[in-house]
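Notebook open, coffee poured. I wanted a few quiet entries on how the strands, a helix and the chain pairs sit together here.

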8 protein chains.
Amino acid sequence: MLCSHKQPAQIEEILTQYAAIGRACLLTRLAPEQVESLSKSWRARLDYDSISRTASFPETRPPDDSPQVAIISGGSSDASVCGEAARTLAFYGVASNRIEDVGVAGLWRLMDRLDEIRQHPIVIVVAGMEGALFSVVGGLVGSFIIAVPTSVGYGVSRAGKLSLMSALASCAPGLVVVNIDNGYGAACAALRVLRLRDAALAGFAGGRDEVR
Amino acid sequence: MLCSHKQPAQIEEILTQYAAIGRACLLTRLAPEQVESLSKSWRARLDYDSISRTASFPETRPPDDSPQVAIISGGSSDASVCGEAARTLAFYGVASNRIEDVGVAGLWRLMDRLDEIRQHPIVIVVAGMEGALFSVVGGLVGSFIIAVPTSVGYGVSRAGKLSLMSALASCAPGLVVVNIDNGYGAACAALRVLRLRDAALAGFAGGRDEVR
Amino acid sequence: MLCSHKQPAQIEEILTQYAAIGRACLLTRLAPEQVESLSKSWRARLDYDSISRTASFPETRPPDDSPQVAIISGGSSDASVCGEAARTLAFYGVASNRIEDVGVAGLWRLMDRLDEIRQHPIVIVVAGMEGALFSVVGGLVGSFIIAVPTSVGYGVSRAGKLSLMSALASCAPGLVVVNIDNGYGAACAALRVLRLRDAALAGFAGGRDEVR
Amino acid sequence: MLCSHKQPAQIEEILTQYAAIGRACLLTRLAPEQVESLSKSWRARLDYDSISRTASFPETRPPDDSPQVAIISGGSSDASVCGEAARTLAFYGVASNRIEDVGVAGLWRLMDRLDEIRQHPIVIVVAGMEGALFSVVGGLVGSFIIAVPTSVGYGVSRAGKLSLMSALASCAPGLVVVNIDNGYGAACAALRVLRLRDAALAGFAGGRDEVR
Amino acid sequence: MLCSHKQPAQIEEILTQYAAIGRACLLTRLAPEQVESLSKSWRARLDYDSISRTASFPETRPPDDSPQVAIISGGSSDASVCGEAARTLAFYGVASNRIEDVGVAGLWRLMDRLDEIRQHPIVIVVAGMEGALFSVVGGLVGSFIIAVPTSVGYGVSRAGKLSLMSALASCAPGLVVVNIDNGYGAACAALRVLRLRDAALAGFAGGRDEVR
Amino acid sequence: MLCSHKQPAQIEEILTQYAAIGRACLLTRLAPEQVESLSKSWRARLDYDSISRTASFPETRPPDDSPQVAIISGGSSDASVCGEAARTLAFYGVASNRIEDVGVAGLWRLMDRLDEIRQHPIVIVVAGMEGALFSVVGGLVGSFIIAVPTSVGYGVSRAGKLSLMSALASCAPGLVVVNIDNGYGAACAALRVLRLRDAALAGFAGGRDEVR
Amino acid sequence: MLCSHKQPAQIEEILTQYAAIGRACLLTRLAPEQVESLSKSWRARLDYDSISRTASFPETRPPDDSPQVAIISGGSSDASVCGEAARTLAFYGVASNRIEDVGVAGLWRLMDRLDEIRQHPIVIVVAGMEGALFSVVGGLVGSFIIAVPTSVGYGVSRAGKLSLMSALASCAPGLVVVNIDNGYGAACAALRVLRLRDAALAGFAGGRDEVR
Amino acid sequence: MLCSHKQPAQIEEILTQYAAIGRACLLTRLAPEQVESLSKSWRARLDYDSISRTASFPETRPPDDSPQVAIISGGSSDASVCGEAARTLAFYGVASNRIEDVGVAGLWRLMDRLDEIRQHPIVIVVAGMEGALFSVVGGLVGSFIIAVPTSVGYGVSRAGKLSLMSALASCAPGLVVVNIDNGYGAACAALRVLRLRDAALAGFAGGRDEVR
């Protein structure tokens, strides 16, 4: 459930419907103020994470499989988007590995962890500013790579559009892109791919129920 | 090899290098005028396709596997981009199935072929104009979906930017996007995914050698 | 009366003029804060609706005719714009039928209600994000269709411009468009059309008096 | 049939299909060069009009009803778009009245013909440059008004975007807008409205068959 | 003195310098919050006008000449910009005549006052939204006309850019334009023109001292 | 008569009308190709100037008054726009003085001619690229100044938009601006101002007849 | 350390790491609210400057060399960016000379100080609005010049983009540009240049450690 | 002399002036068509290079110093801009070293030549597409670095704007930027820096004489 334009009453009503039919529910873009406005009982039942602004009901247990997805980012300011992707994957039972703060301004940080990154079949790359990280990783890593531009930056890179365009124009072949700050979308793309190998990902129904 | 800014002499020189080491080569964005300017012997060795503006050396044999990828498009004007994707897949031995002219202005055309589309693990959606096809397919088909916006349109949809933005903003979760008219990139993304299941796709090295 | 840039004193002054000559008045884009600042007596005489941010004086009675206009929307976040259109129609004595939350991410919701929608001579379609709903409805419904893009969305769809452009570039022929979030304008367009059949819509004078 | 991106062979193939089932066909955005490339027999059967770049098969007879639609324009450079609208209406048997070169730089030209314009239930306004004509006509005429921005202009008004935005932002209530240079779309919108009064417009099926 | 980015202490320091040399000073873009923060003595010496956000020191006496400049506007929301122009003219001893709320949505309001407007050698036209007023006045009035676009509007006309572009692209010859919301600049342009006739406007030194 | 979108036949028709009523006519934006297509007799009667792309009928005699208007430009690439302004002024009997190639990259060139420039009551400044010349002249010269941005430049200054914006944002008070490359408009603005002093400029009727 | 998106806890953690290894640290884009939230002990150790929003640890001693860098600006609103540049230079032991408020609207202010400016091998020019200062200084001063556009302005110059584009399009050869408001970047560029002459600038390691 | 908007006659006239006073002249943006139109004698005296579109008079002798400047580029399509920079440097007697085709899609190509690049005090980086090369080099090389974005690319990277913005937003501190495709400007910036060390670069007078 995308919560960004919803009133607390609307959110509780939808949660109650999920609970009635015994289904789990992932909440994204849930602002702290919105959580504050929920009833005490619902607040107690949600495992809210304020950095990624996500919650789930019932509580998401950490998957114990080996991580299928690496989530790497340029800087610590991208942590919110990384979190949204990781929490969405976990909700559907997929473990991920976070490798943050490896932006190209200090390329050696990325080089040091290259072998580790390459061991994951899917790599989600999260970057703002000028988005140079997408091309560099795309040229060095042969896994399936999803680029998530973020709205981190100032001046000409404001609002993520520059990073988005860099991802699209990247000369690394086979790189795919999702909308700005859309960690949830990147995780859903990873799930669509993983389902090709593992039919047991039955809990993920294309994500249709979670939207709006 | 991306040919769009290359001189005929440059193209021949690179082809000769490939031939010398016995490697196959895929040429994209190769204009008919460029082909005309090549030497007679090289022209004879390339299986040029003028609609997709691609060629390969040696000739690409049609893969005889069952198609793993469906390539669907909104209208016949998108045929060039569909062809680039299909020819790239074939070059790496992957069969595809083209289902064209199923745009949303006549939604029944898409609905009639929905079951057929759903049988492919990967679906490449090619659309220009307002790009409504991306969201409609994304909501109806659970496969892994790659959106390729095209520069077909006029007025406000000029040059594909509107279609691109529609793909990025689509409410269908897990849809991924490549650059405008980038059929080659969509095929490479499909190859990166298929390699997760099939290690034998060894001929595809992340596409690195083909770029520039 | 468009209230968005007006001081409470200005609003009261204009209302008093309307009352003096015995004319009804529709107020649009009236923020709750503005209502709070009105005098107690005027507040009592206005039937303010906080979702659509409209009010009228005297109170608008619900029209008892069969609905001539269907108002359909992609999601619950578009409710404010739908309300502005419905309230404007009601002010001029025209009944409408609201069919909300039928966006294309779950196309079956729209398909289930298609017969119902087709029974209205005029259909107002309200959608934000990528605006795919406009083309889908335009291809399936032969009524006169007015598209209202909304400023719902984030990332590349911010502020409604993407949805607006999708409406304009739609391949569905004969679709017409009004400004972003302009439910009032869509209702006025419907009134201009209905007046072609029904000269009794005398209360609607082209909308001239209500502007500014 | 929108011809702008089609090869002559494709056009002839579609025309032959129409002829085989005995249906009439309207061709829009058909460039003189495309006509030149058609076979001699098809050229003889099409009544091509080079200003509006439209043709029909069989020849369209001028409707003999009284005009339901006024088509007014700012200047003689808008003639191509006016022609596309008029020819589309005529193809479906609807007469129109053209009142051109009444732009606001010489407002008296418009004022002199105001009574004539007001006698039409539907008015299509065609204007480029800064698009001031839309607001002026919208404020003076109570008919149903469709604005068609055109790509006439230079400097900041290049490519019709300014005129489009002026139409959308117009303070005249109930004005509706179609895409830049889209005379065909304006005519289809008029047809959708006229069908509300006259069920005999059976030849117009929402325009679906003509698209792409 | 343009006050928009200045601290109260900076403003007082400059005012003190003006007072020391016995010069008058006009303050523009002076927010109410800034006035509140000035010392009590300076507040008493400034004749602040909160609508136009201007002040002067010493108090500006209303000029008693016949008005040389007409200031006309589309709607009451433009009052702030009209006021800035009128107060700047008055500061330099030039009387003006304000004719507001004559926008083109109700063209008769403008037509009723046309003779009055034509009697002024200089006409400042202030309009937001789609800016159609510029072309209409430019075509009807032979005086020297200065267009001031304003940031009034919503949707596509946000922030005045549409109105600005309409002014620049206007087909009325000899219309000149200043920046968005720049009533001060329009007044200075009028002063530069009036000085051609009247060398006694010695108090206006090209405006240089007032800037920044 | 603005010739840019007109056919030769249209141009000759309008010229014949002017000749029939014994009126002079100024032609702007008249391309050499258009002149070539005119009939031999009309070509002989027009005094075409290929740099400014203007012509007049009958031939314009150079005014023998002292120049009222200085036309200064940044570089020799702006000569076309300067010429359009000068020829328009001459057509209405106003002499001008051209001071070209005084751009700010070599500021001494401007400084050397400052006294000469200051002697003109009206100064038209023509500049492309980054448009710095507008602010510099605006700060140094107290005359009435009209800025004409030109489409000279490459990279980020393409098509004149940067120069236009620099003119509008200039901190020199009272600078006014016309559309990109609009030398004709600048001359008309000068004429509107000069008419304030000199009622004998009867030949200039606000320019209305020349437009479109 | 760029502080703009960092939490106080993150800032303190990084400062503690620097202190542990005995290294100095420069903090940029540090808002007053962030300083307020730091622990008392850290607040005491930082020499915070609220105008430039910079701090350093340990306290930066003013360099006693003769200034190598002139920092000149158009107006007092640019003081924050000038300060960021000056404080960054001082942190690395380089003295600078600030020459502010010499914008081109009053060109004589710049001319009066030209000889002084020319004595510095490196000149940093800081300007917002239309950015005319870059070209003027670039044409008059032969030193190495770095342009820093600022986000000072309103209307069309909002957010610094106009000033940035003016810097890039400047006709003064050899002018280089950094991002909007990036005083820190300009100082680093100066340091990279000075290091060419003076290998002793060992404290400046390309700036890598300070980023993010 | 920037030749892009100049007629052959203008070019010859300026060349003759240079020859008369015995000065050398560098011609940039000189198209092959322009060279064809020059007189035979001038063609013989110019050493035209068609890739960089530059010429000089008299012929430029290759400098025999050790190279002070490295010019590195992402791909062979950037050769024209690299050539313009190298030829400008050579004209003023400065040797450069070209290291091309080291784009980040194959990062090892850059890594292999890193030591060689680091030996130059000044590095000019030339890149189009998404411009990731700027950040990567900026993070790895401590020399003074000048970024030159190029107009190589398609789709969202059209016309170099994306590459330009990536350069400006780069997180590598102290990177400076010149206009799109401006190899000449980058060389002039290098010359301004080199002059700080070497007063003998007297032939380079800030470049002022070469402009326009």
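Before the first entry I fixed one term: buried area is the accessible area, taken with a 1.4 Å probe, that two parts lose on being put together, summed over both. I also noted that I am working with a predicted model.

**Entry 1: chains E and F.** I looked up this pair with that term in hand, and chain E and chain F bury about 2800 Å² between them. Carbon and sulfur atoms carry 63% of that area. On the chain E side, I found that E:Pro173, E:Arg192 and E:Leu196 lose the most area to chain F, together 25% of what that side buries. Counting residues, I got 36 of chain E in contact with 36 of chain F. I then searched for salt bridges between chain E and chain F, and the count is zero.

**Entry 2: pairs that stay apart.** I tried chain B against chain F next, and they do not touch; their nearest C-alpha atoms are 18 Å apart. Chain C and chain H also have no contact joining them, and their closest C-alpha atoms lie 14 Å apart.

**Entry 3: strand β6 of chain H.** Is this strand, residues 144-149, enclosed or open? I found six of its six residues buried, so β6(H) is largely enclosed by the rest of the structure. I checked the faces of β6(H) separately: H:Phe144, H:Ile146 and H:Val148 are buried on one side, and H:Ile145, H:Ala147 and H:Pro149 are buried on the other.

Then I went through its neighbours. Strand β5 of chain H (residues 122-127) runs parallel to β6(H), and six bridges join the two. Within that pairing I noted H:Val123 opposite H:Ile145. Strand β7 of chain H (residues 176-177) is parallel to β6(H) as well, with two bridges; there H:Ala147 has H:Val177 as its bridge partner. Tracing the connection, I saw that β5(H), helix α7 of chain H (residues 132-140) and β6(H) make a right-handed β-α-β unit.

**Entry 4: helix α4 of chain H.** I checked the length of this helix, residues 79-91, against expectation. At 1.5 Å a residue, its 13 residues should span 18 Å, and the end C-alpha atoms are 18 Å apart, which agrees. How many of its 13 residues are buried? I counted 11, so to speak a mostly covered helix. Among the buried ones I listed H:Cys82, H:Glu84, H:Thr88 and H:Phe91. Just after α4(H), I noted H:Gly93 with a positive phi of about 85°.

Key:
Residues are numbered from 1 along each chain as its sequence is written. Chains are lettered from A and ligands numbered from 1 in the order in which they are written. This is a predicted model: local features need pLDDT of at least 70, side-chain atom pairs count only at pLDDT 80 or more; totals for chains, interfaces and linings use all residues. Side-chain values use heavy atoms; hydrogens and water are left out. Buried means under 20% relative accessible area, exposed over 50%, partly exposed in between (1.4 Å probe, protein chains only). Helices (H or I, at least four residues) and strands (E, at least two) are DSSP runs, numbered from the N terminus. Two strands pair if DSSP finds at least two bridges between them. A crossover is right-handed if, with the strands pointing away from the viewer, the path from the first strand over the helix to the second runs clockwise. The expected span of a helix is 1.5 Å times one less than its number of residues. Contact means heavy atoms within 4.5 Å. A salt bridge is a side-chain nitrogen of Lys or Arg within 4 Å of a carboxyl oxygen of Asp or Glu.
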